[in-house]
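Me: I'd like to go through the labels on this model and check each one against its cut-off. Can we take them one at a time?

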Amino acid sequence: MKIRVFIADDHAVLRSGLRLLINGQPDMEVVGEAADGLQAEQQIPTTAPDVVLMDLSMPHDGLHAIRQISQASPATRVLVLTMHDDPGYLRLALSAGAAGYVVKTAVDSELLTAIRTVAQGRTFVDLSCDPDRMFADPPETDQNRLRRPTRPPDQPLSRREREVLTRVARGFTNQEIAEQLSLSVKTVETYRARLMVKLDLRSRADLVRYALDHSLLTSAESPRA
């Protein structure tokens, strides 16, 4: 029996390359593709893959899709394939239900090993994500920051602050956000710094977690291009 693989990524060229790589393996086959999280959620029950390669920064939120797929199709294992090598993103993905995590800079052989590993019911974590730091007991100050629940700010976020926050959480760069919102890059940087202070956060992963906790990553928000 071949490992049935589903690819969820918003970049068509990457999907094409992955399809060629996977279909070239004697023990694997691609059974479906999606350009965003919502398409993945809708197609996976009918395609019944063993493993889903899931990007995080794409329309309709990869993290939300991981949660939905893990609940609706527990036999399907989700392997995150992302550009983010921050342990904060690794933590978020695993807590959402992912069985593995690979950074897009990994070599082909490592990705194929990861697919086979999670298909066998085990967990695979790309070593470039520094899993030792991910699972080690953090210093007291970091421990308090990472484990405390995110809270609403004392003052509500403005419309522009929400727009910047959701785009940062979806993986857009400052330059891309500036172009989308017709702002200067400096202004976007100012908004990001203001959000960090206002929400008492310290990293991009913290912003993602805040956006998820407060249901800000909805389909109505502008997606990752």
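Me: Why is A48 called partly exposed?
Reply: Its relative accessible area is 44%. Buried means under 20%, exposed means over 50%, and partly exposed is in between, with a 1.4 Å probe and protein chains only, so A48 counts as partly exposed at 44%. This is a predicted model, where local features need pLDDT of at least 70 and side-chain atom pairs count only at pLDDT 80 or more, while totals for chains, interfaces and linings use all residues. Residues are numbered from 1 along each chain as its sequence is written, and side-chain values use heavy atoms, with hydrogens and water left out.

Me: Where does A48 lie, and what is notable about its phi?
Reply: A48 lies in the loop between α2 (37–47) and β3. Helices (H or I, at least four residues) and strands (E, at least two) are DSSP runs, numbered from the N terminus. Phi of A48 is near 50°, which is positive in a residue other than glycine. Most residues other than glycine have a negative phi.

Me: What makes S182 exposed?
Reply: S182 has a relative accessible area of 67%, and exposed starts over 50%, so the label follows. S182 lies in the loop between α9 (174–181) and α10 (185–199), and its phi is also positive, near 55°.

Me: And A75, why does that count as exposed?
Reply: Relative accessibility is 71% for A75, so A75 is on the exposed side of the cut-off. A75 is found in the loop between α3 and β4. Its C-alpha atom is separated by 7.0 Å from that of D50, 25 residues apart along the chain.

Me: How do you know that β3 and β4 are paired?
Reply: Two strands pair if DSSP finds at least two bridges between them. Four bridges join β3 (residues 51–54) to β4 (residues 77–82), so the pair qualifies, and the two run parallel. V52 has V78 as its bridge partner in β4. β1 and β3 qualify too, because four bridges join them, again parallel; there, V5 has V51 as its bridge partner in β3.

Me: Which way do the β3 side chains point?
Reply: V51 and L53 point one way, V52 and M54 the other way, and all are buried.

Me: What makes β2 and β6 edge strands?
Reply: The six strands form an open sheet with parallel pairing, in the order β2-β1-β3-β4-β5-β6. β2 (28–34) and β6 (124–125) each have a single partner strand, so one side of each is left without a neighbour in the sheet. Helix α1 (residues 12–23) packs on the sheet, touching β1 (3–8), β2, β3 and β4; touching is a matter of contact, meaning heavy atoms within 4.5 Å.

Me: Why is α3 called roughly parallel to α4?
Reply: Helix α3 (residues 62–72) and helix α4 (residues 87–96) pack at about 25°, with axes 8 Å apart. Axes are lines fitted to C-alpha atoms, for helices over the stretch in contact, and angles run from 0 to 180 degrees between N-to-C directions. Angles under 35 degrees count as roughly parallel, over 145 as roughly antiparallel, 65 to 115 as roughly perpendicular and the rest as oblique, so α3 is roughly parallel to α4. L63, I66, R67 and S70 of α3 make the contact with L92, A93 and A96 of α4.

Me: What makes α4 and α11 roughly parallel?
Reply: The axes of α4 and helix α11 (residues 204–213) cross at roughly 30° and come within 8 Å. That angle makes α4 roughly parallel to α11. G88, Y89 and L92 in α4 meet R204, A205, V208 and R209 in α11.

Me: How do you know that α11 is largely enclosed?
Reply: Seven of its ten residues are buried, so α11 is largely enclosed by the rest of the structure. The buried ones are A205, D206, L207, V208, Y210, A211 and L212. Just after α11, S215 takes a positive phi of about 55°.
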